[in-house]
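Here is a walk through one protein chain, written for someone who would rather look at the model than at a table. Keep the 3D view open and follow along.

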Amino acid sequence: MAAEEEGLTGPGGARPAPGSDSRPESRPEPRDEHRPEPRSVPELLLGRPPMARPLPTFDAEAAPAEPGPLFVDWLATALAAGVPDPQVVTLSTVDADGMPDARVLVLRDVDAAGTGWVFSAAADSPKGRQLAVHPAAALTVYWPQLGRQVRVRGTVERAADLVAAAEFATRSPAARVGALVGRQSEPLASLDEYDEAVAVARRRLEATPDAVAAGHAVYTLWAHEVEFWQGDAERRHIRLRYTRTGPVRTPEWSRTLLWP
């Protein structure tokens with residue numbers, strides 16, 4: 001009872017008055033000196049203007065006749081400049097109702113000659129199902145340090161299963177385990193449930209190193225239109241659009257400068 005009695009007494013051992021709040025007085029949490037004061041979203045954005053840094057130039061007149069080599073050159077430049085995750089792109093599709101959908105994924109390869117952007121996905125994932133119904137997509141990549149954006153639009157073609165299996169083998173063990181878990185975008189009860197599924201998939205991969213996730217697919221986005229955008233601090237952005245004028249996989253393109 002001593003502890004209980006001590007908890008019921010106030011300063012000096014006096015009991016609090018009936019009906020009074022015996023809880024300690026609440027105090028505001030100490031403010032983090034490094035955390036800025038809350039401001040409105042426009043204020044936050046206006047305080048950090050885009051493109052306010054030295055950016056490379058882009059001589060559109062010297063650009064190659066086809067967009068594939070130019071993209072590979074820009075990608076290599078981003079890698080050399082230390083841009084984080086330069087191979088991460090945004091893939092946009094539409095669902096059965098015509099609603100747009102987008103997500104980031106990893107670019108796996110570029111067919112510079114045929115102008116195709118290669119990526120992989122689970123065929124039973126939302127993007128895989130959407131591409132099965134409407135095999136067209138848009139791909140966007142932005143490298144902030146360089147102020148460069150590339151936009152690609154075209155039709156999507158799924159590769160043969162043998163190609164998908166070969167691509168799967170090039171992935172890291174962690175990536176293969178994640179793909180073997182599957183069930184992408186389905187509701188998850190808890191992270192413990194996911195961890196258990198990962199453990200099962202890891203044991204499977206250890207027992208069968210050449211295992212391939214069911215429905216693993218490789219896709220190529222064959223470009224019909226590609227736009228290169230070089231940002232400029234003074235808003236003198238350079239935009240160069242390539243438009244395919246011949247059949248897919250042929251080096252027939254036209255080039256057009258666009259107003260910023």
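## The chain as a whole

Take the contacts in the chain between residues at least 6 apart in sequence: 63% of them join residues at least 24 apart. Keep in mind that this is a predicted model. The chain holds seven helices and nine strands, and 31% of its 260 residues are buried. About 16,800 Å² of the chain is exposed, with carbon and sulfur atoms supplying 56% of that area.

## Aromatic pairs

How many aromatic pairs does the structure hold? There are six. In one of them, Phe71 and Trp143, the ring centres are 6.0 Å apart and the planes meet at 45°, so this pair counts as tilted. Phe71 belongs to helix 3 (residues 67–80) and Trp143 to strand 5 (residues 136–143), so the pair ties together parts that lie 72 residues apart in sequence. Both Phe71 and Trp143 are buried.

Trp74 and Phe228 also form an aromatic pair, this one edge-to-face, with 5.2 Å from centre to centre and 85° between the planes. Here, too, distant parts of the chain are linked: Trp74 sits in helix 3 and Phe228 in strand 7 (residues 216–230), 154 residues apart. Trp74 and Phe228 are both buried. They also belong to one aromatic cluster, together with Phe58 and Tyr242.

## Arginines over rings

Trp74 has another partner to look at: the charged end of Arg148 sits over its ring, 4.2 Å from the centre. A second arginine, Arg249, lies over the face of Trp222, at 4.1 Å from the ring centre.

Trp222 turns up again around Thr115, a residue in the loop between strand 3 (109–111) and strand 4 (116–122). Is Thr115 buried or exposed? It counts as buried, because its relative accessibility is 1%. Setting aside neighbours within four places in sequence, Thr115 is in contact with Pro67, Gly68, Leu221, Trp222, Ala223, Val226, Arg244 and Trp253.

## Helix 7, inside and out

Helix 7 (residues 191–207) is a good one to check with a ruler. At 1.5 Å a residue, its 17 residues should span 24 Å, and the end C-alpha atoms are indeed 24 Å apart, which agrees. Which residues of helix 7 are buried? They are Val198, Ala201 and Leu205. These residues cover an arc of only 70° around the axis, which puts them on the same side of helix 7. As background, an α-helix has 3.6 residues a turn, so residues three or four places apart point the same way.

The buried residues of helix 7 pack against helix 6 (173–181). On the face turned away from the buried side you will find the exposed residues Asp192, Glu196, Arg203, Glu206 and Ala207. Tyr194, also in helix 7, counts as partly exposed because its relative accessibility is 38%. Not counting residues up to four places away in sequence, Tyr194 touches Val181 and Leu188. Tyr194 and Val181 are 13 residues apart in sequence, and their C-alpha atoms are 8.3 Å apart in space.

## Helix 5, for company

Helix 5 (residues 161–169) can be read in a similar way. Its buried residues are Ala164, Glu167 and Phe168. They cover an arc of only 100° around the axis, which puts them on the same side of helix 5.

What do these buried residues pack against? Strand 4, helix 6 and strand 7. The face of helix 5 turned away from its buried side carries the exposed residues Leu162 and Ala169.

## Two positive phi angles

Most residues other than glycine have a negative phi. Met51 is not a glycine, yet its phi is positive, near 65°. Met51 is in the loop between helix 2 (41–46) and helix 3, and it is buried, with a relative accessible area of 7%.

Asp85 also has a positive phi, of about 50°, although it is not a glycine. Look for Asp85 in the loop between helix 3 and strand 1 (88–94). Is Asp85 buried or exposed? At 54% relative accessibility, Asp85 counts as exposed.

Key
Residues numbered from 1 in each chain as written. Predicted model: local features only at pLDDT ≥ 70, side-chain atom pairs only at ≥ 80, totals over all residues. Heavy atoms only, no water. Helix = DSSP H or I, 4+ residues; strand = E, 2+ residues; numbered from the N terminus. Expected span 1.5 Å × (residues − 1). Buried < 20%, exposed > 50% of the residue type's maximum accessible area, 1.4 Å probe, protein only. Arc of directions from axis to C-beta. Contact = heavy atoms within 4.5 Å. Areas by Shrake-Rupley, 256 points an atom, 1.4 Å probe, with all protein chains shown as cover. Phe/Tyr/Trp six-rings, centres within 6.5 Å; stacked < 30°, edge-to-face > 60°. Lys NZ or Arg CZ within 6 Å of the ring centre and 35° of its normal.
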